[in-house]
Amino acid sequence: AAHVLYPPMLMCLNSDCLAMQRAVPLKKDEPRRVVIFTQTDGVHCTWSVHLRCRLCKTNYHHNYAVLEGFRNYYTDLPKYIQVGEHQFVELELAMHWMDLMRIPYVIFFFPPRARRHKLSHDWQFKTSVTTEEVWDAFTILALLDDHQRQNTRLRVPHGSQQSDRYTAAMLARNQRIITHGQDELPHACYGCMRLFSMPDGTTNYTEVVVTDGITVGRPCCGVPHCKNALASTRHRFCLADPSHKRLETMCAVDGCNTPVICDDGTGKLRKSCCNPLHLKMEDANAALSRSGKSKTQRMKTAKLNNALATTSLDDDSCAGEEVLPVQDVDEWYEHDTLTGNVLLKQASVMSSTGVIDPSLVQNQPQHLSTATSHIPEACPSKAEVPKLKAIFFRKRTNNEQLFIRPCGIISGRGTMYHHEAVSNVLILFEKIFSLPRARKPQHFIYDSNCNALREVESRKLKFFDNIGMCVDAFHHKTKHKASDTFCQERCDMKAYPELLDEHGKYYFNSSIAEQTNVWFGGFHNMCREMTPVKYDFFLDEMILRRN
């Protein structure tokens with residue numbers, strides 16, 4: 001064999017073990033057949049040898065030591081990363097895959113078959129890389145790199161399923177970023193901070209942060225604003241809330257609380273009740289989802305989605321479940337009572353533009369209800385067709401909100417579940433820049449800051465005192481009405497001399513959020529089947545490496 005993998009030590013490293021104190025060599029254990037995927041030399045069929053301590057029973061592998069049911073990884077990055085029971089990936093190749101992931105439009109899911117170096121004709125393991133192994137290499141390398149920076153050791157269960165083994169470790173990293181922020185949160189440079197002289201001769205500075213939303217999401221509970229994680233990415237509703245759980249077996253048509261029925265042909269539960277109209281709506285939805293897609297295409301999509309998803313349940317628990325598409329927009333159905341036909345209408349696309357939260361809007365004054373009384377009534381012979389709403393597919397989070405320095409450094413990220421409401425943007429901004437290592441910027445640029453500033457003043461939010469809230473130059477010029485006096489006077493970057501250079505042009509790049517979204521939006525298809533833990537872990541890792 002060209003490569004034989006041994007543990008990086010010859011004696012036990014357990015400080016509580018007498019074998020370490022007596023310098024007793026580790027006992028050689030049986031070898032195991034493995035395959036190694038390399039960057040430049042193809043695939044190697046070789047052996048991995050485990051060494052076991054006879055006293056403390058610690059089993060030393062090439063990457064980690066197993067003791068009391070846990071894998072304790074070594075502090076240094078290994079040359080070959082174990083991604084399966086019998087599969088190893090060279091560190092350089094794993095780093096290459098991770099670099100490709102930073103370019104989201106590169107198709108890397110099914111790597112080409114590498115050159116094969118066989119030991120014998122009866123080697124029982126495949127010599128082609130699977131998508132799961134690529135993702136496992138990414139996860140393990142990211143966790144090892146993170147623990148190395150934190151001067152800690154990665155510790156994961158040894159007996160768990162591979163798909164669940166690193167979930168707790170990823171969740172811990174996610175929680176640390178929430179409580180401490182991204183590594184570059186306190187970043188400052190001349191591209192995002194400006195030093196300028198005051199009229200009295202003193203020197204002052206100003207910092208700018210720009211935010212915008214981008215449509216990248218994952219499956220979530222179909223009940224609006226519910227943040228409970230799905231037990232499986234195949235489910236439509238969460239199981240944590242009993243009132244949400246029961247919706248899995250209730251009719252998907254809005255306002256109908258009748259239990260669903262079984263399909264006579266397949267015996268599986270449908271998504272609608274026995275109401276003929278609701279059954280027609282489900283059939284219309286199913287016909288549209290299958291149109292233009294061959295069976296082979298649907299099978300390839302399902303296979304890829306399964307590889308991207310990491311469910312928190314055992315694989316057997318989801319066996320036989322139907323993989324429903326993700327519903328990105330609300331679906332409305334028109335029912336012609338004369339002909340009985342049901343037509344699925346195109347819904348309005350979920351927007352990543354800041355909107356007023358409907359729950360915060362006061363009731364409309366009575367005198368405004370007569371403002372449209374002059375509109376003529378529709379032709380009596382063409383009565384309006386009634387519309388019905390339904391959720392037959394899975395729902396997805398609305399967008400990701402990025403907070404970016406004008407130099408391109410991403411300071412923070414947050415998930416918007418239902419809409420990019422300006423109230424939620426303000427809350428997220430305050431949380432990120434209230435963290436211990438953060439500095440509150442002097443200017444906050446947002447394409448819907450006119451609505452955000454109104455909300456700040458109406459709710460008297462003290463955190464935003466002494467923060468300039470402007471609309472970015474592009475949207476202020478092209479998207480906001482010149483007749484809006486409040487926006488033109490209060491949200492124009494030209495009203496702040498520190499935001500302009502000596503020639504009267506904009507000093508900071510206020511369009512950096514739109515430019516960054518071009519890159520970040522490429523992760524849309526890669527993330528659409530991820531669980532919340534893997535979703536946050538992956539996006540935070542991409543931001544960390546881009547910064």
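Let's start at Phe 538. Setting aside its neighbours within four places in sequence, Phe 538 is in contact with Met 101, Trp 135, Phe 138, Phe 523, Met 526, Cys 527 and Met 530. Keep in mind as you look around that this is a predicted model.

That crowd of contacts belongs to a bigger story. The largest nonpolar core has 60 residues, and Phe 538 is among those with the most contacts inside it, along with Tyr 73, Phe 138, Phe 520, Phe 523 and Cys 527. Helix α3, residues 131-149, gives the most to this core, with nine residues. Apart from it lies another core, this one of 27 residues, including Met 416, Val 422, Leu 426 and Phe 463. As a general habit, nonpolar side chains in soluble globular proteins tend to be buried together.

Now follow helix α14, which runs over residues 532-546. How many of its 15 residues are buried? The count is 13, so α14 is largely enclosed by the rest of the structure. Its length works out nicely too: at 1.5 Å a residue, the helix should span 21 Å, and its end C-alpha atoms are indeed 21 Å apart.

Helix α14 also takes part in something emptier. The second largest pocket has a volume of about 1,000 Å³, and α14 supplies at least two residues of its lining, as do α4 (167-180), β20 (410-416) and α8 (422-432). Which element gives the most to that lining? That would be β20, with six residues. In total, 31 residues line the pocket, and those nearest its centre are Ile 178, Arg 413, Gly 414, Thr 415 and Leu 428.

For a smaller stop, head to strand β3, residues 43-52, where you'll find Thr 46. Is Thr 46 buried or exposed? With a relative accessible area of 1%, Thr 46 is buried, because anything under 20% counts as buried. Its C-alpha atom is separated by 8.5 Å from that of Arg 32, which sits 14 residues away along the chain.

Finally, how far can you trust the picture? The chain has a mean pLDDT of 83, and 81% of its residues reach 70 or more. Among the elements, strand β21 (residues 443-446) has the highest mean, 97, while strand β9 (residues 116-117) has the lowest, 46. Over residues 109-120 the pLDDT stays under 50, and the model has 28 contacts there beyond four places in sequence. Residues 310-317 also stay under 50, with 16 such contacts. Where pLDDT is low, the predicted coordinates should not be read in detail.

Notes
Residues numbered from 1 in each chain as written. Predicted model: local features only at pLDDT ≥ 70, side-chain atom pairs only at ≥ 80, totals over all residues. Heavy atoms only, no water. pLDDT = per-residue confidence, 0-100. Helix = DSSP H or I, 4+ residues; strand = E, 2+ residues; numbered from the N terminus. Contact = heavy atoms within 4.5 Å. Expected span 1.5 Å × (residues − 1). Buried < 20%, exposed > 50% of the residue type's maximum accessible area, 1.4 Å probe, protein only. Core = buried A, V, L, I, M, F, W, Y, C linked by side-chain atoms within 4.5 Å. 1 Å grid on protein atoms, 1.4 Å probe; cavity = no way out; pocket = protein on both sides within 12 Å on 5 of 7 lines; lining within 4 Å. Points joined across faces, edges and corners; volume = space filled by probe spheres on them.
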